[in-house]
Amino acid sequence: MEFRRQNECLEISELDPFLAELLRQIPESCNVEGVEAAQQRIFSGPAPASEKEICAEWKVYVEPELRRLFRSATETVEADLQQLNGCTKPFANCTLRIPTENAQAWLNALNQARLAIAAKYNFTDGELCDHYRSPIGSRRDLGLFQVNFYGFLQEFILQDLEL
Amino acid sequence: MQSSFGSSVENPVIEQETRAAEEIDLPWQVIVHNDPVNLMSYVTMVFQKVFGLPKEKAEKHMLEVHQLGRSILWSGMRERAELYVQQLHGYLLLATLERTN
């Protein structure tokens, strides 16, 4: 897998089918419906529970706005990921181009996915910092790999935005 | 009592101390809490974007969050504090507004 800036796009080339599939799973990973821990993390409270008025107003007025914002970011990513459907040959590496104007949406969606997965599997700090973990042997291991891979992508996008 | 100018004040007018609504509503803080998932570089970028901080100062707050578990990013009126917290939640940071003790 290679990253580079190509005109007004961030290009990820030599994407093998496994990593391409993980990218395809970003929108699905952002969906926190039915996963209580993930919902609580993504829509965390704005103030201590004792501030009942603030928390109640937040639920009514702010949370719907946040939902719209997160959905919009996910939809942008989903549209960019359509490029991966152009890889017609099985097991062939493919290329993804992220328009720089979509970089913030990608950062947001990748963060949603990372937080949702981490909350779903309740990863410990130790697990999240263990970058030399043994090969993937379970759905939980795959989740941890996703969190790290999406974080790697975030770093790449952030570095590019700084240039 | 007589002043040095030779005149006395018979009926002193005591003005009531008044404060603007902004001052009365001052004691609110925007606090960002530690989160093991958010990347340090991402948190720094968010502080720069939301509060317009220079990178060095944004990194200082990020490290405070990372090492001490929380950092006070801003304090002032409630309405503005709510707006900052909303922006921080938009970036998925763990942020709260709290009254200053």
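The pLDDT is the predictor's confidence in each residue, from 0 to 100. In this predicted model, chain B averages a pLDDT of 86, and 75% of its residues score at least 70. One stretch deserves a little caution: over residues 1-6 of chain B the pLDDT is below 50, and beyond near neighbours in sequence this segment has 3 contacts in the model. For the complex as a whole, the predictor returns an ipTM of 0.91 together with a pTM of 0.86.

A good place to begin is the contact between the chains, to which chain A gives 21 residues and chain B gives 16 residues. On the side of chain B that touches chain A, two or more residues come from each of helix H2 (40-51), helix H4 (78-90) and strand E3 (95-99) of chain B. H4(B) gives the most to this side, with 4 residues. By residue class, the side of chain B that touches chain A holds 9 nonpolar, 6 polar and 1 charged.

Turning to the interior, the largest nonpolar core has 57 residues, and those with the most contacts inside it are A:Ala109 and B:Val46. Helix H5 (residues 103-121) of chain A supplies the largest share of this core, 11 residues. Setting aside residues up to four places away in sequence, B:Val46 touches B:Leu88, B:Tyr91 and B:Leu93.

Helix H3 (residues 55-68) of chain B offers a pleasant case of sidedness. Its 14 residues reach 19 Å from the first C-alpha to the last, close to the 20 Å expected at 1.5 Å a residue. The buried residues of H3(B) are B:Ala58, B:Met62 and B:Val65. They lie on the same side of H3(B) because they cover an arc of only 55° around the axis. The general geometry is familiar: an α-helix has 3.6 residues a turn, so residues three or four places apart point the same way. The buried residues of H3(B) pack against strand E1 (28-33), H2 and strand E2 (70-76) of chain B. H2 of chain B is also among the elements listed above for the side that touches chain A. On the face of H3(B) turned away from its buried side sit the exposed residues B:Glu56, B:Gln67 and B:Leu68. Just after H3(B), B:Gly69 adopts a positive phi of about 95°.

Note on methods. Residues are numbered from 1 along each chain as its sequence is written. Chains are lettered from A and ligands numbered from 1 in the order in which they are written. This is a predicted model: local features need pLDDT of at least 70, side-chain atom pairs count only at pLDDT 80 or more; totals for chains, interfaces and linings use all residues. Two residues are in contact if their C-beta atoms, placed from the backbone, lie within 7 Å. Ala, Val, Leu, Ile, Met, Phe, Trp, Tyr, Cys and Pro count as nonpolar, Asp, Glu, Lys and Arg as charged, and the others, Gly among them, as polar. The expected span of a helix is 1.5 Å times one less than its number of residues. A residue is buried if 20 or more other C-beta atoms lie within 10 Å of its own, exposed if 12 or fewer, and partly exposed in between; C-beta atoms are placed from the backbone. The arc is that of the directions from the helix axis to the C-beta atoms. A nonpolar core is a set of buried Ala, Val, Leu, Ile, Met, Phe, Trp, Tyr and Cys residues joined through C-beta atoms within 7 Å.
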